[in-house]
Amino acid sequence: MANGIDTEKRLMSLDFFRGATMFLLVAEGTHLYESLRDAAAGNAFFSSIVLQFFHHPWHGLRFWDLIQPFFMFIVGVAMVFSLEKRWARGDSWMKTFLHILTRCFILLLLGVMLHCVYSGRMVWELWNVLSQLSFTILLAFLLFRLPMGLQLGVTAALLVATELAYRLFPLEGFNQPFVQGRNFGSWMDMVLMGKINPDGWVAVNCIPTACHTIWGVLAGQVLFSQRRNKTKLRLLALGGLAGLVFGYGLDLTGTTPIIKRICTSSFVLAGGGWCLLVLAASYWIIDVLKARKWTFF
């Protein structure tokens, strides 16, 4: 037991959220969405629905753009229950840190290896979500025991720093913050890997998207706490709504466009808002109302 919470007890809503996300990723691996897109050709309504299972080409937000935020957010939530379990059984901070460090190294290695598999040759590329997670998990762990206010402050600083880097970077050819291949992130890719991703992805996305893992930790700490369920749900829902308001607000006012491929601050905020709201809905239905039979898959 820790803080009155049974560390051995599973959070069923988190299992559902994680399982559903992995199911969607597995479906992508089977090329299901490509098949549905071909089958829906000629039908505008169904084509518009299937299109939600593909990344937006640049400025905009589709459902599939939320899968990576979901994944990174879920890792943060699960980290709370995993770490509290370890510390409840007597593991030291240093032992846990070494465990996290080893896991992050393995994630980085796997991320790089996957790019080698995709390319059919040895390459050095850091665009894979596993490579990104190797940074976000480590940072979230180092901040784990800080007060919630400080953790939120760090995420705000990450977003501001990224925003300023894109807007103020002076090098000609890479000083157009929201233009594909001509922004700060693309320049960093040239420095880190000597190449630019043809689809606009950038490796420094790991910095702003660290917010999703840290926010996941904060959400997990809320759920792990002794607060009443009503209070937990209110905190998650308010946080989610705030993310949507600020994220979509920045985009609609023309301040910062929502671009998933370079993880603009508006995208990170809107994505984080959806993460919190989906977790809140799952927790309410599955763990509070105990409606679980439908989650059997």
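**Close-up views of an all-helical predicted model**

**View 1. Leucine 108 in helix α5.** Leucine 108 is found in helix α5, which covers residues 93-119, in what is a predicted model rather than an experimental structure. With a relative accessible area of 30%, leucine 108 is classed as partly exposed. Once residues up to four places away in sequence are set aside, the side of the chain that leucine 108 touches is made up of Leu126, Leu130, Ser131 and Ser134. As for a position much further along the chain, arginine 261 is 153 residues away in sequence, and its C-alpha atom is separated from that of leucine 108 by 20 Å.

**View 2. Glycine 111 in helix α5.** Helix α5 is also the place of glycine 111, but here the relative accessible area is 0%, and the residue is buried. Glycine 111 touches Asn128, Leu130 and Ser131, again without counting residues up to four places away in sequence. For one of these partners, asparagine 128, which lies 17 residues away along the chain, the C-alpha atoms of the pair are separated by 5.4 Å. Leu130 and Ser131 are likewise listed among the residues that leucine 108 touches.

**View 3. Alanine 78 in helix α4.** Alanine 78 lies in helix α4, which is made up of residues 67-88. Leaving out residues up to four places away in sequence, the contacts of alanine 78 are with Leu14 and Arg18, and both of these numbers fall within the range given for helix α1, 12-29. A further pair to look at in this view is alanine 78 and leucine 11, which are 67 residues apart along the chain and whose C-alpha atoms are separated by 9.0 Å.

**View 4. Cysteine 275 in helix α11.** Cysteine 275 has its place in helix α11, the helix that runs over residues 265-288. Its relative accessibility of 0% puts cysteine 275 in the buried class. Apart from residues up to four places away in sequence, cysteine 275 touches Phe17, Pro69, Phe70 and Phe73. The C-alpha atom of methionine 72, a residue 203 positions away along the chain, is separated from that of cysteine 275 by 9.6 Å.

**View 5. Cysteines 104 and 263, neither of them in a disulfide.** A disulfide is a covalent bond between the sulfur atoms of two cysteines. With a cut-off of 2.5 Å between cysteine sulfur atoms, the count of disulfides in this model is 0. Cysteine 104 is in no disulfide, and the nearest cysteine sulfur to it, which belongs to cysteine 206, is 12 Å away. Cysteine 263 is in no disulfide either, and the nearest cysteine sulfur in its case, again that of cysteine 206, is 9.5 Å away. Cysteine 104 is buried, with a relative accessible area of 5%, and cysteine 263 also counts as buried, at 1% relative accessibility.

**View 6. Two residues with positive phi, histidine 31 and lysine 290.** Most residues other than glycine have a negative phi. Histidine 31 has a phi near 65 degrees, a positive value in a residue that is not glycine, and is found in the loop between α1 (12-29) and α2 (32-39). Lysine 290 also has a positive phi, near 65 degrees, and lies in the segment after α11. The relative accessible area of lysine 290 is 47%, and the residue is therefore partly exposed.

**View 7. The whole chain, for orientation.** The protein has 11 helices and 0 strands, so that the order of elements from the N terminus on reads as α throughout. Along its principal axes the C-alpha trace spans about 55 × 50 × 45 Å. A compact globule of 297 residues would have a radius of gyration near 19 Å, and the value of 20 Å for this protein agrees with that. Of the 297 residues, 49% count as buried, and among contacts with a separation of 6 or more, 67% come from residues 24 or more positions apart. The protein exposes about 14,800 Å², of which carbon and sulfur atoms supply 69%. There are 25 positive and 16 negative side chains, and the centres of these two sets lie 9 Å apart.

Definitions and conventions:
Residues are numbered from 1 along each chain as its sequence is written. This is a predicted model: local features need pLDDT of at least 70, side-chain atom pairs count only at pLDDT 80 or more; totals for chains, interfaces and linings use all residues. Side-chain values use heavy atoms; hydrogens and water are left out. Helices (H or I, at least four residues) and strands (E, at least two) are DSSP runs, numbered from the N terminus. The radius of gyration is taken over C-alpha atoms; the globule rule is 2.2 Å times the number of residues to the power 0.38. Buried means under 20% relative accessible area, exposed over 50%, partly exposed in between (1.4 Å probe, protein chains only). Contact means heavy atoms within 4.5 Å. Accessible areas come from the Shrake-Rupley method with a 1.4 Å probe; for residues, only the protein chains shown count as cover. Lys and Arg count as positive and Asp and Glu as negative; His and the chain ends are not counted. The place of a charge is taken as NZ of Lys, CZ of Arg, CG of Asp or CD of Glu.
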